[in-house]
Amino acid sequence: RPLHVAGYTGAGITIAVIDTGFPRVNTGSVYARIRNNGQIKGGYNFINKSTDIYNTSLNNHGSYCLGVIAAYVENSFVGTAPDADFYLYATEDADNEIPEEQLYWTEAAEEADRKGADIISTSLGYYEFDDPRYDLVYADMNGTTSFISRTSQIAAEKGIFVLAAAGNEAQKPWHYIIAPADNEKVFTIGGVTVTGSSSSFSSYGPNAVGLVKPDASARATNTYMGYNNAVTSGSGTSFATPLAAGGVACLLQAIPTKTLSQVRDLLRQNSSLFPNHSDQMGYGILNFEK
């Protein structure tokens with residue numbers, strides 16, 4: 001909110017949302033403002049190699065994530081970066097968990113780079129597959145083993161601010177962050193409640209080589225968003241990530257001369273626990289006002 005009040009709403013910043021699909025985004029009233037203003041610059045379905053990103057048979061997880069950043073309802077709700085531009089990429093087949101999804105994600109990141117995206121917001125993660133031969137173990141969460149973590153690093157080194165969800169595995173046997181949230185150059189988002197405590201489900205760090213992960217946290221329990229024709233709420237680090245991504249877009253608009261590594265450092269250093277950290281919250285709750 002302080003960034004919005006100061007006039008920074010993500011204008012001139014391009015965000016690629018890499019997710020499942022985006023049903024209702026082409027028709028829902030909460031997305032009308034970005035449609036009518038021409039802020040949806042393009043999109044692609046890398047799963048079936050088509051421009052079919054709005055099909056109602058697609059999983060709507062991506063629509064919710066976009067709704068955190070971009071939805072607008074007069075006198076009711078505004079997303080975190082309502083004036084940003086968007087590319088919408090479907091890479092996650094919600095019905096199957098296959099290693100190829102990491103390739104689809106990489107293709108989307110390459111396309112985001114070609115289109116000049118400033119930010120990638122992705123609420124996807126991998127460690128367990130339908131075929132257990134491809135399963136990862138915690139030791140693989142070192143930032144450099146999984147294909148998606150390696151390619152996320154390349155995207156960051158190309159000059160894209162990459163945000164990824166820590167995961168919702170805290171109460172599951174896995175417990176830890178998931179790929180690509182384990183990569184050093186990915187800005188990993190953990191989840192908190194409205195009172196500022198860690199969301200019970202938010203995955204634990206550090207990564208497998210002891211790097212502090214998540215980097216910082218945002219609201220993941222009962223996070224508000226627009227979807228289709230209404231304002232709603234949902235829980236998961238999936239929603240904390242676009243919440244933070246919109247804040248980063250506003251921040252990049254506000255401090256355009258800073259390098260991405262400087263911005264990452266500033267975000268960590270102004271989070272609520274810094275210089276301390278916790279395994280579930282990282283350096284704490286992001287403070288974009290500071």
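This report walks through the overall build of a predicted model and then turns to one of its hairpins.

## Overall build

Let's start with the whole chain. It holds seven helices and 11 strands. Along the principal axes, its C-alpha trace spans about 45 × 45 × 35 Å.

The radius of gyration is 17 Å, and a compact globule of 290 residues would have one near 19 Å, so the chain agrees with that expectation.

## Burial and contacts

How much of the chain is buried? Of the 290 residues, 54% are buried. If you are curious about how the fold is wired, look at contacts with a separation of 6 or more: residues 24 or more positions apart account for 75% of these.

## Surface and charge

For those thinking about the outside, the accessible surface of the chain is about 11,700 Å². Carbon and sulfur atoms own 47% of that area.

The chain carries 19 positive and 29 negative charges. Take the mean position of each set, and the two points lie 8 Å apart.

## A hairpin to look at

Now for a local detail that is easy to find in the viewer. Strand S10 covers residues 223-227 and strand S11 covers residues 230-234. The two run antiparallel, and five bridges join them. One of the pairings links Tyr227 with Ala230 of S11, its bridge partner.

What lies between the strands of this hairpin? Two residues separate S10 from S11. In this hairpin, Asn228 adopts a positive phi near 55°.

Definitions and conventions:
Residues numbered from 1 in each chain as written. Predicted model: local features only at pLDDT ≥ 70, side-chain atom pairs only at ≥ 80, totals over all residues. Heavy atoms only, no water. Helix = DSSP H or I, 4+ residues; strand = E, 2+ residues; numbered from the N terminus. Rg over C-alpha atoms; globule rule 2.2 N^0.38 Å. Buried < 20%, exposed > 50% of the residue type's maximum accessible area, 1.4 Å probe, protein only. Contact = heavy atoms within 4.5 Å. Areas by Shrake-Rupley, 256 points an atom, 1.4 Å probe, with all protein chains shown as cover. Lys, Arg positive; Asp, Glu negative; His and termini not counted. Charge placed at Lys NZ, Arg CZ, Asp CG, Glu CD. Pairing = 2+ DSSP bridges.
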